[in-house]
Amino acid sequence: MKQLKRTIAIAACRFLYGIVRMAGFGGSAFPGSVANKIDSHLLAELAKNVQVVLIAGTNGKSTITHLIDRCAAEGGLHAFANLSGANLKSGVITSFVLNSNLRGVCRQQYAFIECDEFALAALAQELRPVGILVNNIFEDQLDRYGDMTAVLQNLISGIQSAPDARLYINCDCSYSVAIAQAVPNPKVYYGCNLTLNPAPQHNSFFCRSCGTKLQYEFHVLGHLGAFYCPCCGKRRPAPDYCITWADCREDGSSLCITAPDKEIALQVQLPGAHQVYNALAAYVLAVAAGIDSARACKAIGAVKNIDWRTEKIGIGDCRIQILLTKNPVGVACGIHTLTQTSGRIFVLLGLNDEAPDGTDVSWIWDAPYEMLSGLLDRTDSIYVCGSRAAALRMRLKYAGIPAGKIQMAEDDRRLIRQLAKKTGNVYLLGNYTYTYKIRALLRAQKACTKNVHKRRARKACTKNVHEKRARKKFCYEV
Amino acid sequence: MHERNSAMKYKMKIGRLYSDALNLYGDAGNAVCLAKRLEWRGIAAEVADIRMGDAIHEKEFDIFVISGGQMPEQGFLFERIKATTGGQIRDIVESGQVLLAVCAGYQLLGNYYETIGGERYPGLGVMDLYTVEGNNRLTGNYSFSCLCGGHAMKMVGFENHRGRTFLAPSASPLGRVLSGHGNNGQDGTEGARVNNAFGTYAHGPVLANNCEFCDALADLALSSKYAGVHLNDPCFPVLEDTIEKKANREACRRLK
């Protein structure tokens, strides 16, 4: 009976997933939620014989998941990952179902699962992970999470339900370290010994044990860095894996990782200094899963795009680089990436306030848009768009960006048609739903532009066209 | 009458109180808005951070702002400032200096904050109100009406608080809730006002979303520093607020 229920749940999930795909939607959460309704123990059952690693943190989850997935493929691991970015329980169920047979036996040995900060507690209980990675905790979606303490509490209670899981912790993040130190699990620390982003940080942090303001030997980015408490002596733990040298450029970075037994040189093709952290995290997970170091480096170095989050799309002579920026530190990283570019650029800033973005857009006042003023002499226009474009437009006014540089784009489609005619580099810094939507439109425009070119070419070849044109009295000499 | 080019002789100083402990939810923008809108009128404006352990030289400042924040930092602040700079905050409010306190900063001005576990943090007691933590957070875009500088204003903001604030009968609210929750989701009040001290739950930041309110606060501070001088005097240019009004309308469209 149990088995029948499970098979029905799996079949329903697969069937719905197929329908959703055919209908042209990307969502993979809905089929999983239906399967969960039919069989509430489905996930625990599917994950029974799988070694699961959970990947959590405010920024970088999806990037790390994509990178480790490539590493696993390169290293010949039987593994899968929830690359769609559906990181709540229902999305994870879909991901497991797609990698299992109808009897409920998962075909893979490893699963690398990106998971939402608030979903970790529920997922850890069912998945019994062998590893949990916490990349960082930043101010993000506070309308949903409430405050940072709630986020920390949730992660801690999640980890407590998996007492054997090895923790992979960014030792530069005082929040992540506080989580790690609240639980007895075995730990691996990774960090960075360099300043990656000099943007000033708007908030300070307090020692979670004694309440004293933390001091820093150096900052890496945002509140990440070599923190220490001048009162109780609590400090950043020594990293087991550490970035000791990095050369970060707009189109990628070279870095040197000091591991317990050796030094590794790693190339990253993803734009932005903050990506070296994600590369390091993926490398640490790969080595822990037994993947050969050289293969992991090769796989990480080959990745150019992360889905729609960090993607380069060319339309005609216009190259559009998408950079997902969804919170203050994300904007700081995005704008810092722009400062590493050269030549003339267009900047597109998108802000939506739908549920996945957070309905509160107050955070834009914690983000350092003032940094854009350093780019103005080589920025042709800053386009502002999204459902809260007016709020962002106002923010730029108070950040001292001259009105003449800013254009409000009311209609995304028209904006994209405009961009497609331009020659040059466009950098799109948008939050979650805006980036997702605009990427779909960009793809459509790209396809459309290609078709138009093809059609034009075909037309030019046929006499027919010339005749028609002549008939319409277009003064053409054939 | 003041000459147009004489505006630069005016100087205003804005103090961001406890900016190291309370600094979440974008409220840092309030000081930015005040300073920019003064500067655009030709009034020199300076913003300075006053951190938790710092002494407050209250006479050096014209406007104070306190931002929203979270536990445990809020708790540290409650525990520490009563014995240190708390008395100066009382002086600021009693002498009629302008103070804007948002969310956690607003709760700090009350008599106490009681957590869900029954732990009670005594506040500064400059506003006759108290706050009790609820089970869930009151979150969302909201609006309230308020009377300030002789004008009735419709204010719009974003609230995100677990504390329910209740005013004593003698205390006067800042405004009445038009949509959303306000102080406690029950009695229809929002914020509180004592002299020129304003407490509110509105993020957004509140002075960015409601530039009239921003000017009203600046005007109060300006006229108390320079007797008889007001922001709408002919020596100050009238600001072009198309962008602000558009943002305000956009925020209003978000109201349920």
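**Exercise 1. Two helices in contact**

How are helix 2 of chain A and helix 5 of chain A oriented to each other: roughly parallel, roughly antiparallel, roughly perpendicular or oblique? State which residues make the contact.

Solution. The model is predicted.

Step 1. Two packed helices are described by the angle between their axes and the distance between the axes.

Step 2. For helix 2 (residues 29-38) of chain A and helix 5 (residues 89-98) of chain A, the axes come within 7 Å and cross at roughly 90°.

Step 3. Angles of 65 to 115 degrees count as roughly perpendicular. Helix 2 of chain A and helix 5 of chain A are therefore roughly perpendicular to each other.

Step 4. On the side of helix 2 of chain A, the contact is made by Ala29(A), Pro31(A), Gly32(A), Ser33(A), Ala35(A) and Asn36(A). Helix 5 of chain A contributes Lys89(A), Ser90(A), Gly91(A), Val92(A), Ile93(A), Thr94(A) and Val97(A).

Step 5. Sorted by type, the residues of this contact are six nonpolar, six polar and one charged.

**Exercise 2. A sheet and its edges**

Find the strands at the edges of the sheet with the order 12-13-17-14-15-16 in chain A, then describe the pairing of strand 14 with strand 17 of chain A.

Solution.

Step 1. The sheet is open, is formed by six strands and has mixed pairing. From one strand to the next, the twist averages 20°.

Step 2. Strand 12 (310-315) and strand 16 (406-408) of chain A each have a single partner strand, so they stand at the edges with one side left without a neighbour in the sheet.

Step 3. Strand 14 (residues 345-350) and strand 17 (residues 424-430) of chain A are paired in the parallel sense, over six bridges. In one of these strands, strand 17 of chain A, Leu429(A) is the bridge partner of Leu349(A).

Step 4. Helix 12 (residues 328-339) of chain A lies across strand 13 (318-324), strand 14 and strand 17 of chain A. The helix runs at about 170° to strand 17 of chain A.

**Exercise 3. A hairpin**

In which sense do strand 7 and strand 8 of chain A pair, parallel or antiparallel?

Solution.

Step 1. Strand 7 (residues 215-221) and strand 8 (residues 224-228) of chain A pair in the antiparallel sense, over four bridges.

Step 2. Opposite Gln215(A) stands Tyr228(A), in strand 8 of chain A.

Step 3. The hairpin has two residues between the strands, and Gly222(A) takes a positive phi near 55°.

**Exercise 4. Domains and chains**

Describe how chain A is divided and how chain A meets chain B.

Solution.

Step 1. Chain A is divided into domain 1 (2-302) and domain 2 (310-460). The centres of domain 1 and domain 2 of chain A, taken over C-alpha atoms, are separated by 28 Å.

Step 2. Between these domains, 24 residues of domain 1 of chain A are in contact with 21 residues of domain 2 of chain A. Helix 7 of chain A gives the most to the domain 1 side, with three residues.

Step 3. Between the chains, 27 residues of chain A are in contact with 31 residues of chain B. The largest share of the chain A side, six residues, comes from helix 13 of chain A.

Step 4. The chain A side that touches chain B divides into 10 nonpolar, eight polar and nine charged residues.

**Exercise 5. Confidence**

Which stretch of chain A has a pLDDT below 50?

Solution.

Step 1. Chain A has a mean pLDDT of 90, and 95% of its residues reach 70 or more.

Step 2. The pLDDT is below 50 over residues 473-478 of chain A.

Step 3. Where pLDDT is low, the predicted coordinates should not be read in detail.

Terms used
Residues are numbered from 1 along each chain as its sequence is written. Chains are lettered from A and ligands numbered from 1 in the order in which they are written. This is a predicted model: local features need pLDDT of at least 70, side-chain atom pairs count only at pLDDT 80 or more; totals for chains, interfaces and linings use all residues. Axes are lines fitted to C-alpha atoms, for helices over the stretch in contact, and angles run from 0 to 180 degrees between N-to-C directions. Angles under 35 degrees count as roughly parallel, over 145 as roughly antiparallel, 65 to 115 as roughly perpendicular and the rest as oblique. Two residues are in contact if their C-beta atoms, placed from the backbone, lie within 7 Å. Ala, Val, Leu, Ile, Met, Phe, Trp, Tyr, Cys and Pro count as nonpolar, Asp, Glu, Lys and Arg as charged, and the others, Gly among them, as polar. Domain bounds come from an automatic or database domain assignment. pLDDT is the predictor's confidence in each residue, from 0 to 100. Two strands pair if DSSP finds at least two bridges between them.
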